[in-house]
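Dear colleague,

Please find below the structure that I am handing over to you. A short account of what was found in it follows.

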Amino acid sequence: MMPLTMMSEGEANVICKVGGKEETRRFLENLGFVVGGIVTVVSIIGGNVIVNVKDSRVAIGKDMANKIMVN
């Protein structure tokens, strides 16, 4: 298991855990980051991560991306 920020561009993985406070977890789940979902990294620019999740392209900051664990 590793944080989303450790993935390479173009790599797809399954979300294993979404950490952080309840409010943060709810926010990420609303964006589509749910356990068992597939996430693909599109690009990493200056620590910010752009990903494809649930047929949507989402940009999140490094702090948020570190709370999403993939396998």
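**The nonpolar core**

In this predicted model, the largest nonpolar core holds 16 residues, and those that touch the most other members are L4, F33, V39, V51, I60 and I68. Two or more residues each are given to this core by β2 (12–18), β3 (38–45), β4, β5 and β6 (68–70). Among these elements, β4 gives the most, with 3 residues.

I60 deserves a separate word. Once its neighbours within four places in sequence are left aside, I60 is in contact with L4, L31, F33, N48, V49, A65 and I68. L4, F33 and I68 are also named, together with I60, among the core residues that touch the most other members.

**The loop between β4 and β5**

The second topic is a pair of residues and their backbone angles. Most residues other than glycine have a negative phi. K54, however, has a phi near 50°, a positive value in a residue other than glycine. K54 lies in the loop that runs between β4 (48–53) and β5 (56–60). D55 has its place in the loop between β4 and β5, and its phi is likewise positive, near 60°, in a residue other than glycine.

Are these residues buried or exposed? K54 has a relative accessible area of 55%, and because exposed means over 50%, K54 counts as exposed. D55, with a relative accessible area of 86%, is exposed as well.

With kind regards

Notes
Residues are numbered from 1 along each chain as its sequence is written. This is a predicted model: local features need pLDDT of at least 70, side-chain atom pairs count only at pLDDT 80 or more; totals for chains, interfaces and linings use all residues. Side-chain values use heavy atoms; hydrogens and water are left out. Helices (H or I, at least four residues) and strands (E, at least two) are DSSP runs, numbered from the N terminus. Buried means under 20% relative accessible area, exposed over 50%, partly exposed in between (1.4 Å probe, protein chains only). A nonpolar core is a set of buried Ala, Val, Leu, Ile, Met, Phe, Trp, Tyr and Cys residues joined through side-chain atoms within 4.5 Å. Contact means heavy atoms within 4.5 Å.
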